Amino acid sequence: MVETLVQRGSGMTVEQIMSQRDFPLKMRLLAGRSGLSNEIRVRYVQKPGLALAGYTDYLIPHRIQVFGKTEISYLRSLDLEQQRESMRRFFDAADIACCIVARGMEVPPMMVEACENAGVPLLLTELLTPDAIAILTRVLTAHFATRDSLHGVLLDVFGVGILLMGDSGVGKSECGLDLILKGHRLVADDLVEVSLLPPASIYGQSPEITRYHMEVRGLGVLNIKELFGVSAVRDRKKIQLVITFVEWDESVEYDRIGLEQDQIRIMETELPHIVLPVRPGRNLTAIVEVAARDFLLKLEGYHAAREFQSRLLDQIADPHNNAPLDEEPE
């Protein structure tokens with residue numbers, strides 16, 4: 001049981017937890033600096049609880065241990081020798097990644113000494129215990145998420161994460177640039193790193209080297225953040241709608257009603273999908289904006305095509321509407 005919880009693959013070091021910027025924990029190091037390179041290999045944190053009293057069977061190695069009011073109060077209730085024995089059993093039972101004390105509580109000196117001797121970082125945060133656990137879980141979940149990469153442009157349009165896909169040169173970046181000029185936000189251009197977060201949410205971001213940059217044929221590489229300001233970019237966004245640009249083909253019958261929502265599978269997750277034919281004269285930017293607005297309406301339960309179909313069927317079923325033109329309705 002314990003083994004199945006341990007993540008296989010690249011872990012996250014304690015130093016990375018301290019320096020990550022998405023969800024700052026504002027922690028300070030009290031002891032165990034030599035263990036800052038310790039790897040965290042489990043995406044769930046643990047409260048030691050009964051492990052401090054000697055029941056260590058479910059103490060999982062390579063995991064963050066969070067000490068709240070209960071744990072610190074218990075340690076303080078022990079005399080110095082009992083504290084020393086409790087800490088010895090605790091560190092002998094498993095390889096602890098690090099210990100985090102919440103609520104800014106005063107840490108018993110014996111715990112500081114034990115962490116220093118064991119080479120286990122002891123960190124202090126002012127956050128309440130549930131808040132610290134929630135933030136740590138989000139950080140670790142994002143780190144251990146299944147990852148992949150896609151070719152496309154990811155934008156935040158009216159709050160909707162829209163991924164523009166299609167063959168090279170079809171106009172994705174040009175459309176993205178036009179959307180940015182209209183006040184929408186760039187997340188990633190060309191290469192989009194995607195990650196699957198439980199239960200079934202796909203998030204996208206740009207690789208570090210291309211972050212805030214966009215390539216536009218004829219202009220070259222542009223720094224969108226420097227050109228338009230910080231409000232024109234964002235680091236990460238949930239992908240909610242995928243629009244694929246395709247060259248217009250007269251022999252293909254494209255959807256004109258929109259009764260059924262097409263789906264595209266990304267990392268075993270189904271996402272709403274629109275195939276948008278491209279030809280000279282089509283205002284792709286306006287179409288993408290309208291697609292975003294329509295998506296938001298569907299989230300609220302309003303589906304224009306289905307409402308139109310319902311009204312049409314009601315009208316067909318009305319006997320007065322089916323009467324010959326030369327007859328008066330009863």
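In this predicted model, strands S7 and S8 pair in the antiparallel sense over five bridges. Both strands belong to an open sheet of eight strands with mixed pairing. The briefing below covers that sheet, two buried residues, Ser-206 and Phe-67, and the salt bridges, of which the count is eleven.

**The sheet and its edges**

- The eight strands follow the order S13-S10-S9-S7-S8-S14-S16-S15, and the sheet they form is open.
- Strand S13 (236–238) and strand S15 (262–266) are the edge strands, each of them pairing on one side only.
- From one strand to the next, the twist averages 40°.
- At the S13 edge, S10 and S13 are joined in the antiparallel sense over three bridges.
- Within this part of the sheet, Gln-205 stands opposite Arg-236 in S13.

**Strand S8 and its partners**

- Strand S8 spans residues 160–166 and is mostly covered, with seven of its seven residues buried.
- Cover is present on both faces of S8: one side carries Val-160, Ile-162, Leu-164 and Gly-166, the other Gly-161, Leu-163 and Met-165, and all are buried.
- Towards S7, the bridge partner of Val-157 in S8 is Val-160.
- The hairpin of S7 and S8 has two residues between the strands, and Phe-158 there takes a positive phi near 55°.
- Towards strand S14 (residues 241–247), S8 runs parallel and is joined by five bridges.
- One of the residue pairs here is Leu-164 with its bridge partner Ile-243 in S14.

**Surroundings of Ser-206**

- Ser-206 is placed in the loop between strand S10 (201–205) and strand S11 (213–216).
- Ser-206 has a relative accessibility of 1%, and therefore counts as buried.
- The side chain of Ser-206 makes a polar contact of 3.0 Å with the side chain of Thr-210.
- Neighbours within four places in sequence aside, the contacts of Ser-206 are Val-187, Ala-188, Leu-191, Glu-193, Arg-211 and Asp-235.

**Surroundings of Phe-67**

- Phe-67 is found in strand S4, which covers residues 64–67.
- The relative accessible area of Phe-67 is 0%, so this residue is buried.
- When residues up to four places away in sequence are not counted, Phe-67 touches Pro-48, Leu-52, Ile-72, Leu-75, Phe-90, Cys-99, Ile-100, Val-101, Ala-102, Met-105 and Met-111.
- Phe-67 and Leu-297 are 230 residues apart along the chain, and their C-alpha atoms are separated by 45 Å.

**Salt bridges between separate parts of the chain**

- Glu-71 and Lys-47 meet through their side chains in a salt bridge, at 3.6 Å from N to O.
- This pair ties together parts that are 24 residues apart in sequence, because Glu-71 lies in helix H2 (residues 69–77) and Lys-47 in the loop between strand S3 (39–40) and S4.
- Glu-71 counts as buried at 5% relative accessibility, whereas Lys-47 is partly exposed, with a relative accessible area of 37%.
- Arg-234 forms a salt bridge with Asp-156, and the closest N and O atoms are 2.8 Å apart.
- Distant parts of the chain are linked by this pair, with Arg-234 in the loop between helix H7 (224–228) and S13, and Asp-156 in strand S7 (residues 146–157), 78 residues apart.
- Arg-234 counts as partly exposed at 27% relative accessibility, while Asp-156 counts as buried at 7%.

**A salt bridge within helix H8, and a network**

- Lys-298 and Asp-294 form a salt bridge in which the closest N and O atoms are 3.3 Å apart.
- Both residues lie in helix H8 (residues 284–299), four residues apart, which is about one turn of the helix.
- Lys-298 is partly exposed, with a relative accessible area of 28%, and Asp-294 is also partly exposed, at 26%.
- Elsewhere, Glu-85, Arg-88, Arg-89 and Asp-92 are joined into one network by salt bridges that share partners.

Methods: Residues are numbered from 1 along each chain as its sequence is written. This is a predicted model: local features need pLDDT of at least 70, side-chain atom pairs count only at pLDDT 80 or more; totals for chains, interfaces and linings use all residues. Side-chain values use heavy atoms; hydrogens and water are left out. Buried means under 20% relative accessible area, exposed over 50%, partly exposed in between (1.4 Å probe, protein chains only). A polar contact is a pair of N or O atoms within 3.5 Å; within protein, one must be able to donate a hydrogen and the other to accept it, and residues adjacent in sequence count only if both atoms are side-chain atoms. Contact means heavy atoms within 4.5 Å. Two strands pair if DSSP finds at least two bridges between them. Axes are lines fitted to C-alpha atoms, for helices over the stretch in contact, and angles run from 0 to 180 degrees between N-to-C directions. A salt bridge is a side-chain nitrogen of Lys or Arg within 4 Å of a carboxyl oxygen of Asp or Glu.
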